[in-house]
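Q: Please take a close look at how one pair of packed helices is arranged in this structure. I would like the geometry and the residues involved, followed by the wider setting.

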Amino acid sequence: MAQAAIELIGINKSFGAVRANRDINLEIARGTIHGIVGENGAGKSTLMSILYGFYQADSGEIRVGGQPASIKTPNDAIALGIGMVHQHFMLVDNFSVLENIILGAESDALLKRSIAKARSELDRLEREYGLEVDPDAIIEELPVGLQQRVEILKALYRGAEILILDEPTGVLTPAEADHLFRILGQLKEQGKTVVLITHKLREIMAITDTVSVMRQGTMVATRETKKTTVEELAELMVGRRVLLRVEKGEADAGAVKLAVKNLTVKDTRGVTMVDDISFDIRAGEIVGIAGVAGNGQSELLEAISGIRHAVSGSVMLDGKPIDLTGAADPGELRDRGLAHVPEDRHHVGLVLAFEENENSILGYHDDPRYLKGPFLNIDAIRNDAKDKIAKYDIRPADCRLKTANFSGGNQQKIVLAREMEQDPGVLIVGQPTRGVDVGAIEFIHKRLIAMRDQGKAVLVVSVELDEIRSLSDRILVMFAGRIVGERGPEATEGELGLLMAGVEHQEAAQ
Amino acid sequence: MDVFNAIVQTLDSTIRLSVPLLLACLAGLYSERAGIFDIGLEGKMLVGAFAGAAAASVFHSAFLGLGMAILISVAFAMVHGFASITHRGNQIVSGVAINFIAAGSTIILGQAWFQQGGRTPALQPGERFEAITWPGADAIHDVPIIGPIYAELLSGHSILVYLAFLMVPFTWWVLFRTRFGLRLRAVGENPAAVDTAGISVAWLRYRALICTGVLTGIAGAYLSMVQNGGFVKDMTAGKGYIALAALIFAKWKPVNAMFACLLFGFLDAAAIRLQGSPLPIIGKVPVQFMQALPYILTVILLAGFIGKAIPPRAGGVPYVKER
Amino acid sequence: MSTPYAKLPAWADYGLIPLINLFVAFVVAGFVVLLVGENPLRAAVILVEGAFGKGTGIAFTLFYATTFIFTGLSVAVAAHCGLFNIGTEGQAYIAGLGIAVVCLSFDSVLPWWLTFPLAIVASSVVGALWALIPAYLQAKRGSHIVITTIMFNFIAASIMVYLLVGPLKPAGSQAPQTRNFLAGAELPKLNWIIELFGAKIRSAPLNVCFLLALVMAFLVWLLIWRTKLGYEMRTYGHSPKAARYAGISETRIIITAMMISGALAGMMALNPVMGDQHNVAIDFVSGAGFVGIAVALMGRLHPVGIVLAAILFGMLYQGGAELAFEMPAISRDMIVIIQGLVILFAGALEHMFRPYIQALFASFSPRSVGMEAVKGKGA
């Protein structure tokens, strides 16, 4: 093995009562691509933020190139040759590429000279690593893939020898991700060390040399990628044999509940995110939408639930048309029996500052059951909340507690209880188990299947392919705003992965 | 010729009236471009005016007065920084607080120290900034057209007036041509980008607020040591808010700021000059309407009827590291 | 994350922390008193005695408090909907116009108990309408409500000055104000209530508006925590996205909340105009709208807290007047400083002492600080 580029010894970090990193030991060899995998919240990003000086470890030692290093600010990290590409890009949107690259690394108090120097340096970097980008382009006018390239150039411009990438493919199209991996390969050839943080095992298997697994703030294992398997890594990540297959019988699909035809949705920038999509959901089936995040799933959910106006398209709910292009609001859809568990429960599905019982009526607050004239019927609301707490085993069982004080899994149960107990005809669910502990995942999955068995039409959108495969009776794959394929539950991961990567789509287009 | 003279005189008072607006507006530009809303411009100007006149009168030096105006105004800016940067408090609330503390303390201290009903003693020659006469101004004063323009419009202002207008290209140069300016604009748009680039967000924002304090200090000194021969209570009379309006009107750009302040200064000058005398075509315009016009124009601008004013993106939001 | 600080027991959160913030504001104000060469402790004694020592003092304290209850409630209602209504001052000022129209028209024909309801309606409608434009611009055009309401304060002032030196001024008068109202627009005093307790009152302007203010405080509590509308306002105030999800119309809720806020601000004008001066004069609001910001922050946006904070500020205003009499070096402007300091410490710096208090509580008993509850939030 080559010499270690980075050694982390006994790193601990707590945020209040939350122990994000516990006694972490890690060695990363120079000139390799080292993957760090783990579920959301396992502590990967915290660990790398410590390495980059964004946070201070409570205890432990960092060695860079064999020397003990004190990294108190990102400046220290940069001086030690560590660069980081954050999950959310750290770019100033209305600055040019050059301005972003020199920010904080200006060679001179006057911009003119700094920019001139950066321009020639950038030229060299572009040639060396094949990282072409127009230096005078304004960031917000660049596609996401190029913005990420600017982030990489920023790190290289600062002389990074060690490059940390935090979930770099989350926002990329498969083609962009492939390009990124090629760039990373090139960086490795040039002798740079790359640390890749991800929760996607496929990426780990594809490009890393070594992989470390984190779980609940601890480092559970490090493996040579060649000598491990996806199954082993998955088990290490979750901590017990994953039984993602939920017990369920055959679907008994009935009449069409929701028929979507030629739906097109644009985002706030005017970019088409959902492009002429059509599909049906029948009573008594779960339809899953698979896809890499950012391929239009969020916008599709928002449009169907009335939060975001669609540009065009016709939608039938229970055989009657519903105008999603501006006329229908979420309240009307709810009245017509469409319930929605949104992807972002912290800002959309819940008001964290509210008491639990107040959240258990959100969206149904004009239901006469909860009202006495213009007044809230407090007793009815609280009793109703208590019933749901009991039925969905929400803990702690206190309907007066502030919602922010519930765990992620219990918060999700609050939302699910609210939406399911309204007895809707159609239930649409975004990321049903994101940031939810393993115990609650099983509970949520069972509930969703129970809904199906009661004859409801259920639409599930998730970026977790395993979840889609285990829940769905039919799987639709979204890519670049379109549905590029439909498969049954028996479809293999590889088959779906190809669809998600847009491979068939591109072939068909040719 | 009468009309011409009237125009020159109105423009001359436009310049005089727009100077405090311009200084305060540029002051606000530094802080808002760095992502700190500042509705405390009014209060900082007021303490600057008081400290300047008080120190000038006690130490018999205009420049010591100016220095003290800047010092105290910067100190108030630092309170704003302490609340809104260090403690991530609500920037608007903090600004409101500063305006009150300034309004109350200038009167209380002024009365306690000088016993003239909240005024400072009238400034003597040497304690205030005198007008500077440009070479040859007297000689060509009687030359038609050029004479009055040179002698009255350009010449004959105090050094602070010229300083205020020089601050416009200087501020532009600082913001768009220096490292400090690049970082300052960046922190107002995306502080996380600045933080991860290894620059201290807090220190950068504090420095921006120091610039704000310096400029509001000069603005205050202008009010009490140039425009007026001493401090009078509440002498800012809403100029800090007009400057804020001008800043929005200028879409946070230095050169635009100058034109916005000149426009608002002109409205003020015209209101004083007309004093109810009728205008051709329009007829009689109430003084109050002219005084309200800057605010009305700003509301119309904010409503998006004359272009869109897009503030710095991180404005008003305290920076908290994500985790 | 959403809440940067762990949970404290409610009594510490709503009682202890505001008191500490208030205490610090007064300590700093004490330094200003020292700076002008007076004894801050003696000043405090004079202030409290002036406010509560005699019946007249109490009546004046409650008279000022009445004004601040209205403006505090006005700021609080908007704040619950996530809106910073800094325009309470202008809304109250322009509402004086509505009162003037009602009083000047009916004071010779109607008794006070008929003029009063009409004036309540007129003041609240005018106040609400003055808040409507900034609200509409915020909801529909995205203009920042803080800036537009500041601008509207100045515009209101210009309009009022124009009217009071012109059309509304009686012919031959020099003072910029309306003619004095007749008995039909004079509100009855409430001083007899205080006299019931044996105190003697010479003359004080405490009037029925105080009762109206208390009723409004109760109605605001009912609105915010017990009605569907209040629920919708709080939802929008905490999370506009959640409100959209819940089918709450952004335009409707912003405009409704601001109009209620403006109406409460408008009612403030009744107290000085009909209860005390019996005319509409230039600058009769004299900063009460801004005091409302301090009162709302101090009272933590809760009507009970607002009433208490308003009484505190009433005490400062009344006691401050006595103080100016006893200590010539200290004018009533001292209150403006205290007001600013309260806004600074109870508002902008409200979290300054929280970490220390939390650490203190945690050292006694970790469970009381909600450490358990925070655990799940790391994900």
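A: In this predicted model, helix 14 of chain C and helix 15 of chain C are oblique to each other, because angles that are neither under 35 degrees, over 145 degrees nor 65 to 115 degrees count as oblique. The angle in question is about 140°, and the two axes lie 8 Å apart. Helix 14 of chain C covers residues 303-326, while helix 15 of chain C covers residues 333-348. Their crossing is right-handed.

On the side of helix 14 of chain C, the contact is formed by Leu316(C), Tyr317(C), Gly320(C) and Leu323(C). Helix 15 of chain C contributes Met334(C), Ile335(C) and Ile338(C). By class, the residues of this contact comprise 6 nonpolar and 1 polar, with no charged residue. The polar one is Gly320(C), because Gly is counted among the polar residues.

For the wider setting, consider the contact between chain A and chain B. Here 24 residues of chain A meet 17 residues of chain B. Within chain A, helix 2 (74-79) and helix 4 (111-129) each provide at least two residues of the side that touches chain B. That side of chain A has 13 nonpolar, 7 polar and 4 charged residues.

Chain A itself is divided into two parts, domain 1 (4-238) and domain 2 (256-509). The centres of domain 1 of chain A and domain 2 of chain A, taken over C-alpha atoms, are separated by 33 Å.

Notes: Residues numbered from 1 in each chain as written. Chains lettered and ligands numbered in written order. Predicted model: local features only at pLDDT ≥ 70, side-chain atom pairs only at ≥ 80, totals over all residues. Contact = placed C-beta atoms within 7 Å. Helix = DSSP H or I, 4+ residues; strand = E, 2+ residues; numbered from the N terminus. Domains from an automatic or database assignment. Axes fitted to C-alpha atoms, helices over the stretch in contact; angles between N-to-C directions. Left-handed = near helix turned anticlockwise from the far one by under 90°.
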